[in-house]
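I opened this entry to record how some helices pack and how one strand is placed. I note beforehand that the model is predicted.

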Amino acid sequence: MGRNVLVTGAAGQLGGRLLRFLRRDAGVARLIGVDSRAPVSPVPDTEFVRIDLNGPTVVSVLVERAVDTVVHLDLREEAGAPGGRTSAREANVLGTMRLLGACQRVPGVRRLVVRSSTRIYGGSAREPAVFDEDSPPRAPGGEGFARDVAEVEEYVRGFARRRPDVSVTVLRFAHLLGPGSDAPLAAYFRLPVLPTVWGYDPRLQLLHEDDALEVLGRASGEPGLDEGAFTVFNVAGDGVVTLSQAARRLGRPTVPLMSPLAPWFGSTLRAMGVAGVSAERFRSLLAGRVVRTARLRAAMGGPLPHSTALTIADFGAVHGPGLLPPDTLSQAFDRFQEALRRG
């Protein structure tokens, strides 16, 4: 008998890729994807159920499919139309509450994996340089997604206390990036010119989309990554780059904006349908954040295959050299130096 795994957010790119990844796992007997949207490309040999997590049908899906493992990916990082921030908050916080309530009522659930974010640590320049899993949430009260994940984790902790028989794993993902990623930072880096905030050069620690799948697959399997009834992991590649370094490596010129204007500029472009730019995006790219991953290294048996630098290189190899190709700039600089030497 294998595991019966339910994945929320199955219509999204990460959810769809995880379903395909788990489909190759011989330990999975039944695979169910749920989402309020229909998937663009259905996954073969996988059952899809179109439901809203805020609805009453989640319990029946868990019971009728004899689900024992739940992987919760259905969190919206940025507020997009329709509904804006209010709709995103309802999906993130209330949807998670309803899912946890359903899991609590179903005795057959034995493992819960929840995707969270390192943005729970905030992004202020006054915060510590490096965070570990024991650092308290530092997201300001009105900081959108960061506030959502802080509340989501509180509800997950409460669930773990009420159901100590369930192995609960929380994965705090760094910024996702990769050749095919549709994550907000990927949309930002695909822009021909990158708007930045004047006076800030945030530190970036990235997570390759392929490594995210490996970690999710391991966390939802047997014996899993958990070290008890409730375990939190920071999930990120090794190494750190600044935003200016990433822009140069991708060949993207930057346009700095004065700090008071950045949120207005981001909201305006977002309203015009420009992906990758929003007021929340600018807030998350002020000071940046760096996390320790020693706990994940110990559980996985070593670092993730893709470092932050390699993740950027992998993304750049697919999405082109940008308007200022690094090789062209280097050659121009070499020619300039040679001209200076010759007088």
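I began with the crossing of H7 and H11, which I find to be right-handed. The axes of H7 (residues 243-250) and H11 (residues 308-319) come within 10 Å and cross at roughly 35°. I then listed the residues in this contact, which are Ala246, Arg249 and Leu250 on H7 and Ala309, Ile312, Phe315 and Gly316 on H11. Sorted by class, the contact of H7 with H11 has 5 nonpolar, 1 polar and 1 charged residues.

Next I looked up H3 (residues 84-105) and H4 (residues 145-162), whose axes come within 10 Å and cross at roughly 10°. Because angles under 35 degrees count as roughly parallel, I enter H3 as roughly parallel to H4. The contact draws on residues of H3 including Arg85, Ala88, Val93, Met97 and Leu100, and on residues of H4 including Phe145, Asp148, Val152, Tyr155 and Phe159. By class I have 10 nonpolar, 3 polar and 6 charged residues for the contact of H3 with H4.

I turned last to strand S6 (residues 167-173), where 7 of the 7 residues are buried, so the strand is largely enclosed by the rest of the structure. Checking its two faces, I found both covered, with Ser167, Thr169, Leu171 and Phe173 buried on one side and Val168, Val170 and Arg172 buried on the other.

Which strands are joined to S6 by bridges? Strand S5 (residues 111-117) runs parallel to S6 and is joined to it by 7 bridges, with Val113 having Thr169 of S6 as its bridge partner. Strand S11 (residues 230-235) also runs parallel to S6, through 6 bridges, and here I noted Val170 opposite Val232 of S11.

Conventions: Residues are numbered from 1 along each chain as its sequence is written. This is a predicted model: local features need pLDDT of at least 70, side-chain atom pairs count only at pLDDT 80 or more; totals for chains, interfaces and linings use all residues. Side-chain values use heavy atoms; hydrogens and water are left out. Axes are lines fitted to C-alpha atoms, for helices over the stretch in contact, and angles run from 0 to 180 degrees between N-to-C directions. Helices (H or I, at least four residues) and strands (E, at least two) are DSSP runs, numbered from the N terminus. Angles under 35 degrees count as roughly parallel, over 145 as roughly antiparallel, 65 to 115 as roughly perpendicular and the rest as oblique. Contact means heavy atoms within 4.5 Å. Ala, Val, Leu, Ile, Met, Phe, Trp, Tyr, Cys and Pro count as nonpolar, Asp, Glu, Lys and Arg as charged, and the others, Gly among them, as polar. A crossing is left-handed if the near helix is turned anticlockwise from the far one by less than a right angle, and right-handed if clockwise. Buried means under 20% relative accessible area, exposed over 50%, partly exposed in between (1.4 Å probe, protein chains only). Two strands pair if DSSP finds at least two bridges between them.
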